[in-house]
Amino acid sequence: MESFALSTSSLFIHKGSTLVRRSTPILRSPPSIALHRPNCKAWITSPNKKTSHFRIHASQTTPPPPPPPPPQGAKIAPLILSVAIGLAVRFLVPKPVQVTPQAWQLLAIFLSTIAGLVLSPLPVGAWAFLGLTTSVVSGTLTFPAAFSAFTSEVIWLIVISFFFARGFVKTGLGDRIATYFVKWLGKSTLGLSYGLTISEALIAPAMPSTTARAGGVFLPIIKSLSLSAGSLPGHASKSKLGSYLLMSQFQSAGNSSALFLTAAAQNLLCLKLAEELGVIISSPWVSWFKAASLPALVSLLATPLVLYKLFPPETKDTPDAPAMATKKLESMGPVTKNEFIMVGTMLLAVTLWVCGEALGIPSVVAAMIGLSVLLLLGVLDWDDCLSEKSAWDTLAWFAVLVGMAGQLTNSGIVTWMSSCVAKTLQSYSLSWPAAFGVLQAAYFCIHYLFASQTGHVGALYSAFLAMNLAAGVPGILAALALAYNTNLFGALTHYSSGQAAVYYGAGYLDLPDVFKVGFIMALVNAVIWTLVGLCSSLLLLSGNN
């Protein structure tokens, strides 16, 4: 058995009871502790005594238990409830005589899928895939019918739009544009809010994800400005600047998304579902912009001012903001080659979207051309596309919802539902404008039960459009109004959209304020879009006729 003792002058090796002295000098140091194997003595050697031995006992501590592994698989309660809804419709609710057994079974699977999107027993894409698998395994749909929507032009346009958004973030172009507006308009808090609002409206058609714009561009800028003004998240000082800027940007984002067809993924989905019900909008990009431009611009100009009175910031002036923006622009350096390429590519894509019908180029082909340019010139690489998980997730569950909704329409379920609602409305002797108002309000308010704009569209857009058509509402008016509402209700609550979660999670907004301001701004938007938007939509309707 051996133990080692270090001395300032000598190295001793104790072997049993024999002490052997090795004369090799070692580095002088304070008294030290010699390490030894278990069951051996540890010795402290003092410089004044040849061998002063003290036994040292190591403290025995029990290591903390490892954290429990995260739960695997589906959440049990949401899973049972989601499946139970489908089973109840299939086996407990009497099937109408006008509906075939196969169509009724597809409705049960669809409702179970929608319930899972709301309750989230699994991630959205995984749950949608389970619904798709069930429809095939049960013989409700054939494999080609179940996967038919995966070749939809609209679905792929949405996917490519996510890649464009990644290009804006990767090149820093979106950040640069927003910073310029802070430099130009940021001397006051109100001007700062207008600068951020206008910059989002400008980049929206080329960055078709409100969540990406919120998290990738505007939240970092707002947080930087707020912290520099002493406005801290989760602190009483948040109301100095941060709360107002975040609330204003949050409430304005829906109007930016409603302004352009390509400003949000759900816009494209709405028009695809409308097309399946026979509502065809010619020159969709231009028609959408014509109908939305006036009410959206009025709302964008009104929102910061209304909130300035309703939800005022403590700091009214921000004289340092332009200087901060200037400094940031200097640190960013001159516009890079990739930013120039990004600007040119998006101008090309938008031009083709506007003139595509005259040139015979579909919207998705225009997007494919733009993406090809970005890949060829190295602004994006294929790894960027592969790592854009939200794009591929959207492809999976959008395609499932669109496919199921299309099959429900083909099977006559939507026609049967709309006729039932139309009879109910007729029993109250409602004219089509009154029915239009009731259905739009119902579609909007139901979003309190949803945590996703796209999920809401997939679940209810087709049904509500069919109800509008059955009540005599002009098809283009009904289709566009429902689509615009889909963007506007994204600011109702802290869970109503992806951008809602981003802005609320920043720590500057209190939950009661989110609900209160969300409800009030919903009424403000309803008034603006009803008075201004209805006029422009009717002009568009007369032009299409």
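Here are a few worked exercises on this predicted model.

**Exercise 1. How are Tyr180 and Trp184 placed in helix 6, and is their ring pair stacked, edge-to-face or tilted?**

Solution.
- Start with the helix: Tyr180 and Trp184 both belong to helix 6 (residues 173-185), and they sit four residues apart, about one turn of the helix.
- Recall the general rule: an α-helix has 3.6 residues a turn, so residues three or four places apart point the same way.
- Now the rings. The centres of Tyr180 and Trp184 are 5.4 Å apart, and the planes make an angle of 35°, so this pair is tilted.
- Check exposure too. Tyr180 has a relative accessible area of 29%, so it goes down as partly exposed. Trp184 comes out at 55%, so it counts as exposed.
- For context, the structure holds 17 aromatic pairs. Elsewhere, ring pairs join Tyr443, Phe444, Phe464 and Phe489 into a cluster.

**Exercise 2. Which rings have the charged ends of Arg90 and Lys316 sitting over them?**

Solution.
- Take Arg90: its charged end sits over the ring of Phe91, 4.9 Å from the ring centre.
- Then Lys316: its charged end sits over the ring of Tyr308, at 4.9 Å from the centre.

**Exercise 3. Work out how helix 2 and helix 3 run relative to each other.**

Solution.
- Two packed helices are described by the angle between their axes and the distance between the axes.
- Here, the axes of helix 2 (residues 101-119) and helix 3 (residues 124-137) come within 9 Å and cross at roughly 170°.
- Angles over 145 degrees count as roughly antiparallel, so helix 2 is roughly antiparallel to helix 3.
- Which residues do the touching? Helix 2 brings Ile109, Ser112, Thr113, Gly116 and Leu117, while helix 3 brings Val124, Trp127, Ala128, Gly131, Thr134 and Ser135.

**Exercise 4. Is Ser299 buried or exposed, and what is it in contact with?**

Solution.
- Find Ser299 first: it's in helix 11 (residues 284-310).
- Its relative accessible area is 1%, and buried means under 20%, so Ser299 is buried.
- Leave aside neighbours within four places in sequence, and Ser299 is in contact with Asn255, Asn525, Ile528 and Trp529.

**Exercise 5. How does the reach of helix 20 match what is expected, and why is this helix described as largely enclosed?**

Solution.
- Helix 20 (residues 475-488) has 14 residues.
- From first C-alpha to last, helix 20 reaches 20 Å, close to the 20 Å expected at 1.5 Å a residue.
- As for its surroundings, 14 of the 14 residues of helix 20 are buried, so the rest of the structure largely encloses it.

Terms used
Residues numbered from 1 in each chain as written. Predicted model: local features only at pLDDT ≥ 70, side-chain atom pairs only at ≥ 80, totals over all residues. Heavy atoms only, no water. Helix = DSSP H or I, 4+ residues; strand = E, 2+ residues; numbered from the N terminus. Expected span 1.5 Å × (residues − 1). Buried < 20%, exposed > 50% of the residue type's maximum accessible area, 1.4 Å probe, protein only. Phe/Tyr/Trp six-rings, centres within 6.5 Å; stacked < 30°, edge-to-face > 60°. Lys NZ or Arg CZ within 6 Å of the ring centre and 35° of its normal. Contact = heavy atoms within 4.5 Å. Axes fitted to C-alpha atoms, helices over the stretch in contact; angles between N-to-C directions. Parallel < 35°, antiparallel > 145°, perpendicular 65-115°, else oblique.
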